[in-house]
Every structure is written in structure tokens, then in C-alpha cells.
Amino acid sequence: MNPIAQELNNIIEQAAPHVYEMLSDMGKRLFYPKGILTQSAEAKVKANKVNATIGVARQGSCVFSLSSVTKYITQIDPDDYLPYASSYGLPELRKKWRKELYVKNPLLQGTTVSLPVVTSGITHGVSILSEMWVNADDVIVMPDMIWGNYNMIFRVRNSARFATYKSYDDALTHFNLDDFERVIREEAAQNDKIIVMLNFPHNPTGYTLSKKEAACVAEILIDVAQKGTNVVAACDDAYFGLFFEPESAKQSLFAKIAGKTSRLLAVKLDGPTKEDYVMGLRTGFTTFGVAADADLDRVYEALEQKTAGCIRGNISNCCHLSQTILVKSMEDKDYRRLKQEKFELLKSRAFAIKEVLKDPKYADGFDVYPFNSGYFLCIRIKGVNAEELRFHLLENYGTGLISIDEKNIRVAFSCLDEKDAKTLFDIILAGINDLRK
């Protein structure tokens, strides 16, 4: 094993031994190399005469650039987006995002969390989670309805095993807390370590836990950890902040579990992708919350180095331009107002759809899963195959939807104008009736 990796392992093991136990085999081997990047960073600070370290083309004090590129980016200096960014991400952006975590999650006050490491979107963060904390055959507790890419990331690429709980009660009125707890405790009894994915607002159903449900989920995870099972609790907060109803929990589960007990590692995977409506900028963050016996800052530094090493060994670093744009956006005096305007638009669409779906005629064709947040809702089709219905609607009604499995269809209200809501669900009902004939 590389001596740097071993040194990082020693730091983690001495101060947070259970966190060390939770690292995957790859996670234990990961490190941030003290090679070209470190030498270049040192030279950037001290080489005030000649600096010939980094593979970036420069002329005088400026980076090489082509006007065919820079003419489209008029308010940012080329040196602020054309050179490589650090594998950790821009320091200014990392600090701003952590500061915002405390603003958006007041329960975090008094809890120290790591400095977020910048990832190339939240999907990349999930992939890093898999590489750092999941071994082949490790168990990951998932709902029975999931974002499809979890399967590719965890099972196809890493051979993990899923243990699923039923997401909702039979009547589709609320989160199935009983089945969640049953699966968590059964897997905890059989395994030294479990990984739990917590995705709220949920993709694909658009559901966020109530405040009471969120408190219960946190209590279950803390209790299982305190009783001797190592728990990696990953909060996939891709749609964080898009909470439309008063009773919904408005803070991440990360805020309820970070730093609470030594066998519980909390990982927050989030970013501006949906929060700031910048899907194509591909920027996300990975933040850790642990309870350490001592040297918490050094534990976080070690985990950040391993995360940056994972990025360095894969994509090298994340887009500099995207990060610079986000820093400037977060500094804009209208930043919060502009976000609120888009939030209100999404909320209005969700409530318009809820009003449409009150019509009892739809109950003959489908049931609606509870939704109160995010971008999506799901319906459970009655009497016909969901994929056959999807294809039928596309071919005969020019209407595109996503089939989740044999019974379920996902509707993205994020891209659905309010005026089209009734039309859409009338088309779905007509398609169901067509296939029943």
C-alpha cells in the first residue's frame, strides 16, 4: 500500500476506528498523490522567478486562449476558467457551499462537517461513494422504487447487493416506515456494515418525509449504529430545497445524523444541479459528517484527500468554468430571489396537478403515489402494462413518459406547463382504456 494512503488510514483509524472499518478496500488504498500536482501547488506559492511545473500553456502572465472560445465568455477572465481546477474543487466554492449547508440546515449548528469536495455532478458523487465505501457483496438498503442509475453504479459496476423495503403503504398514502425499519434491522443483524441510501425529495416519486417520519428514520439509524453495526448513511439530496408542503421535513437527514455516534458515517451528496437549475454545469459536492474520538479536523482532511484522490485517479478534476460561474452566481445580490421565483413556479405546477388529480374519474385507471416535492410524481397503472402504455401513448398520442417497471409510470412535472396538466392525465386515462379493449 502506498505510504501516503497508509498515513491517511492511520489518522482515520486512530481517531475514528469505525469509520476506517467502513472504508472499502479501494477506499483504504486511495490517497492524493504528492506528485506533479503537489509540486505545482508549492511552486505556485513560492516560484516567483520561473515556474515550469504545470502542463498549462501560458504566454507571459496569461493562459493561452482562443478568441473563438473566449468571445462567448465575456465577463470572466480566461485565467479564471481555462486552467485546471484543483481535484478538491475551487476553495472559494467549497467554503461557500459549506456555509450554505448551515444556513439551509439549522440543525447542523454545533456540528462540524467536512469541507465539501467538488464532484462532476451528484451522479459522480454517488459513484465516488460506491468506490470509497462499498465492496462487492456489501448490502445497500434501498426503497423498491429507485433512480435507475443506482443499479448501474452499485450493482453493475461494483457488484453490491440491494436489500429493498416497500416504499409506501398499500393505499399509497404515506412512507412505509415499518418496512424501512424491518429491513434495516434485519440487515444490521446479519452484517457488520450496511449502506443506506436516503433520497428525499425522492426520485422517481417526488416524496419528502414528514417531519415525524424524518425524525423516526434518523432515530432508527442512530439506534442501529449504537447497537454495534457500522452504518454508511448516504443522503442523495439532488432535489434538496424543493419542498412544497408545510408538513414536509425541510432539512436534510444529514443534519439529523451527522456526528451523532461513532459507528454512523453520514455522507451528503448534493449540488446546484437542481437547487440552482444548472443541470449541464455538472457540479456537485460530497460532504462527510462523523463522530471522532479526537482530531476530527484531521479525520476530515484525510477523507477529503481520499475523495480528491479518487477524483484525480478518474477524471482528474472538475470543470473550472462551472465552478467559477457558481461562485459568481452565489455572490449575486439577486441569487436568493431568483431561486425563490423558480421554486414558486415548480410549487404552482405541483399544486395544479394535485387539483387535477382530485377528479375521481382517474381512479379507474391509476393510483397516484404521494408527492410533495422535487420534480416528479408517479402513478400505479391498473390493468395494463406500464411499458406497453408508455409506448402506446408515444406512438398514438405523441406523449412521452417514463415507465419504471411493469406497473409504474413517472411524470416529470418540472417540464410540464400547468395548462397541460389535465390534458396529460386525460391522455393517460384514454391510453389505458385503449389497451383494455
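1. A cavity is a set of grid points where a 1.4 Å probe fits but cannot get out; its lining residues have an atom within 4 Å of a point. In this predicted model, the largest cavity is lined by 13 residues. Those nearest its centre are Phe200, Asp237, Gln251, Ser252 and Leu253. The space inside the largest cavity comes to about 100 Å³. Counting cavities of 30 Å³ or more gives 2.

2. Next, a pocket. The second largest one has a volume of about 410 Å³. Its lining is made of 15 residues. Lys104, Phe240, Gly241, Lys339 and Gln340 lie nearest the centre. Two or more lining residues come from each of helix H6 (91-104) and helix H15 (335-356). H15 gives the most, with 5 residues.

3. Now the nonpolar interior. In soluble globular proteins, nonpolar side chains tend to be buried together. Here the largest nonpolar core has 75 residues. Trp133, Phe154, Phe425 and Ile428 have the most contacts inside this core. Helix H17, residues 421-436, is its biggest giver, with 7 residues. A second core stands separate from it. That second core has 56 residues, among them Leu90, Val118, Val183 and Ala218.

4. Trp133 deserves a look in the viewer. Which residues does Trp133 contact, leaving aside its neighbours within four places in sequence? From lower numbers come Val19, Met22, Leu23 and Ser24. Further along, Trp133 touches Asp138, Lys193, Ile195, Val232, Leu265, Phe288 and Leu303.

5. Then the sheet. It is open and has 7 strands, in the order S3-S9-S8-S7-S6-S4-S5. The pairing is mixed. Why is one side of S3 and of S5 left without a neighbour in the sheet? Strand S3 (117-119) and strand S5 (161-165) stand at the edges, and each has a single partner strand, so one side of each stays unpaired. On average, neighbouring strands are turned by 25° against each other, direction ignored.

6. One strand pair can be followed residue by residue. Strand S4 (residues 139-143) and strand S6 (residues 193-198) run parallel and are joined by 2 bridges. Val141 has Val196 of S6 as its bridge partner.

7. Last, a helix lying on the sheet strands. Helix H7 covers residues 122-133. H7 lies across S3, S6, strand S7 (230-236), strand S8 (264-270) and strand S9 (284-289). The angle between H7 and S8 is about 155°.

Note on methods:
Residues are numbered from 1 along each chain as its sequence is written. This is a predicted model: local features need pLDDT of at least 70, side-chain atom pairs count only at pLDDT 80 or more; totals for chains, interfaces and linings use all residues. Side-chain values use heavy atoms; hydrogens and water are left out. A nonpolar core is a set of buried Ala, Val, Leu, Ile, Met, Phe, Trp, Tyr and Cys residues joined through side-chain atoms within 4.5 Å. Buried means under 20% relative accessible area, exposed over 50%, partly exposed in between (1.4 Å probe, protein chains only). Helices (H or I, at least four residues) and strands (E, at least two) are DSSP runs, numbered from the N terminus. Contact means heavy atoms within 4.5 Å. Two strands pair if DSSP finds at least two bridges between them. Axes are lines fitted to C-alpha atoms, for helices over the stretch in contact, and angles run from 0 to 180 degrees between N-to-C directions. On a 1 Å grid over the protein atoms alone, a cavity is a set of points where a 1.4 Å probe fits but cannot get out, and a pocket is an open set with protein on both sides within 12 Å along at least five of seven lines; lining residues have an atom within 4 Å of a point. Grid points are joined across faces, edges and corners, and a volume is the space filled by probe spheres set on the points.
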